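Hi,

Here is the structure I said I would pass on. Have a look at it first, and then read on for what turned up when I went through it.

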Protein chains: 2
Amino acid sequence: MSKSENISLSVIKRLPRYYRFLGSLKKQGIVRISSRELSERMGLTASQIRQDFNCFGGFGQQGYGYIVEQLHEEIGKILGVGRRMKAVLIGAGNLGRAIATHMEFERNGFKLIGLFDRDEKVRKNTVGGMKVMSMDELDGFCRENKPDIAIICLPDSSVAAVTERLISLGVNGFWNYSHYDIHLNFPEAKVESVHLSDSLLVLGYNMKNCE
Amino acid sequence: MSKSENISLSVIKRLPRYYRFLGSLKKQGIVRISSRELSERMGLTASQIRQDFNCFGGFGQQGYGYIVEQLHEEIGKILGVGRRMKAVLIGAGNLGRAIATHMEFERNGFKLIGLFDRDEKVRKNTVGGMKVMSMDELDGFCRENKPDIAIICLPDSSVAAVTERLISLGVNGFWNYSHYDIHLNFPEAKVESVHLSDSLLVLGYNMKNCE
């Protein structure tokens, strides 16, 4: 498999879905799958799948299909699921607590090592067995533990200042649940944003226009 | 503004972001904005913005820019934010409860009218002032209240059966937080899926490949 460079964003965004799908095939005990069968199950075309995989040097042999476990592992490696990058979560309100307890971080290449909130009431309860630290403890914690990414579950108005502070502490990845556009204001940072309301609005649009 | 038909999915997916952005400009007291200025602030090209808006018959006059409040309202109408479609949430675990309390449904054109969970322990606590009903109450509730969409916060293995049941009860929109591909198995349903782990995996990939 060749080194992956200049892969288009849309291919990269499909990788997690391949990874998930192959994981579930593996669980079902399926050993080998043709690109045609994989494409039918995933609702993609076989040529799309072959093209995507060719970006990474291709997997499998023409006519023989893919070995599920091997392909799952290869894609996992590309995604870096074995790395355990360190994550801190900022803002342990309803959403932050749900992310902290619901997400399987370790299966996705991360390890949640610290939770922070400025609200004393929020800090009274542990979250998934972890205590919630105060924002005053953030700098010392980051210097000592060197987190790779921060999960931002803050109100939009607080995000700019906290992001700047985290970047100065060496954090340069952000999983952003706010509507603040981190990537526009801090172009050097790696950012993935989850805009839950955008998704809900798109559903509303589709409901309205497809009646 | 002409009726919107056959608009590409990528244009539709950008609408919520325009809507959000214009809402924040409005809040800042900005009355008028040129497509050049809007594009700079949003990190898009001016021609992209004009093209997107032309899909809906265009807004504003060449050289005069857009009137922020009017454009915000027009895009809101296209998205259907004033409609209050009825939503039920299935699965009131950590994630479900966070969605129920964190999301501003009414600002996004929806109204959350019922919560359901099969676990008696989960049903002991209200969520944002609403009681959580048992799955046995779902059929009667849907017949009486006719929800438009269901928010699916269930383990993957339960989704197929619940979706089938909801569709038979007249629900045909799904905001899907599970990894079960509703749209592949129920092609008649309108589905928007939020795959949180996909987003985290993409961040991991970008962290690894951009060091």
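Let me start with a piece that crosses from one chain to the other: H10(B) lies across S3, S4, strand S6 (149–152), strand S7 (173–176) and S8 of chain A. Against S8(A), the helix H10(B) runs at about 170 degrees. Before you read too much into any of this, note that the model is predicted.

**The sheet under that helix**

The strands of chain A form an open sheet of six, in the order S5-S4-S3-S6-S7-S8, and the pairing is parallel. Which strands sit at the edges? Those are strand S5 (132–133) and strand S8 (190–193) of chain A, each of which pairs on one side only. Further in, strand S3 (residues 85–90) and strand S4 (residues 110–116) of chain A run parallel and are joined by six bridges. If you want a spot to click on, A:Leu89 stands opposite A:Leu115 in S4(A). Chain A also packs a helix of its own on the sheet: helix H7 (residues 138–145) touches S3, S4 and S5 of chain A. The direction of H7(A) makes about 155 degrees with that of S4(A).

**Where the chains meet**

Back to the interface. Chain B puts 47 residues into the contact and chain A puts in 48. On the chain B side, the elements that each supply at least two residues are helix H1 (9–27), helix H5 (94–102), strand S7 (173–176), strand S8 (190–193) and helix H10 (196–209). H10(B), the helix I opened with, gives the largest share of that side, with 14 residues. Sorted by class, the side of chain B that touches chain A holds 22 nonpolar, 16 polar and nine charged residues.

**Symmetry**

How do the two copies relate? A turn of 180 degrees with a shift of 0.0 Å along the axis lays chain B on chain A, at an RMSD of 0.0 Å. The two copies are thus related as by a two-fold rotation axis. In chain B, the C-alpha nearest that axis belongs to B:Ala98, at 3.0 Å from it. The copies meet through the same surface, because 100% of the interface residues of chain B are also interface residues in chain A.

**Domains and a helix pair**

Chain A splits into domain 1 (9–78) and domain 2 (85–198), and the C-alpha centres of these two domains of chain A lie 32 Å apart.

There is also a helix pair to look at in chain A. Helix H1 (residues 9–27) and helix H4 (residues 68–79) of chain A have axes that come within 9 Å and cross at roughly 145 degrees. The crossing of H1(A) past H4(A) is left-handed. Residues of H1(A) in this contact include A:Leu15, A:Tyr18, A:Tyr19 and A:Leu22, while H4(A) brings in A:Val68, A:Leu71, A:Ile75 and A:Leu79, among others. Counted by class, the contact of H1(A) with H4(A) has eleven nonpolar, three polar and two charged residues.

For chain B, the matching numbers are these: H1(B) and helix H4 (residues 68–79) pack at an angle of about 145 degrees with axes 9 Å apart, and H1(B) passes H4(B) in a left-handed crossing. The two charged residues in the contact of H1(B) with H4(B) go with eleven nonpolar and three polar ones.

That's the tour. Shout if anything is unclear.

Cheers

Terms used: Residues are numbered from 1 along each chain as its sequence is written. Chains are lettered from A and ligands numbered from 1 in the order in which they are written. This is a predicted model: local features need pLDDT of at least 70, side-chain atom pairs count only at pLDDT 80 or more; totals for chains, interfaces and linings use all residues. Two residues are in contact if their C-beta atoms, placed from the backbone, lie within 7 Å. Helices (H or I, at least four residues) and strands (E, at least two) are DSSP runs, numbered from the N terminus. Ala, Val, Leu, Ile, Met, Phe, Trp, Tyr, Cys and Pro count as nonpolar, Asp, Glu, Lys and Arg as charged, and the others, Gly among them, as polar. Axes are lines fitted to C-alpha atoms, for helices over the stretch in contact, and angles run from 0 to 180 degrees between N-to-C directions. A crossing is left-handed if the near helix is turned anticlockwise from the far one by less than a right angle, and right-handed if clockwise. Domain bounds come from an automatic or database domain assignment. Two strands pair if DSSP finds at least two bridges between them. Copies are superposed by least squares on the C-alpha atoms of residues with pLDDT of at least 70 in both.
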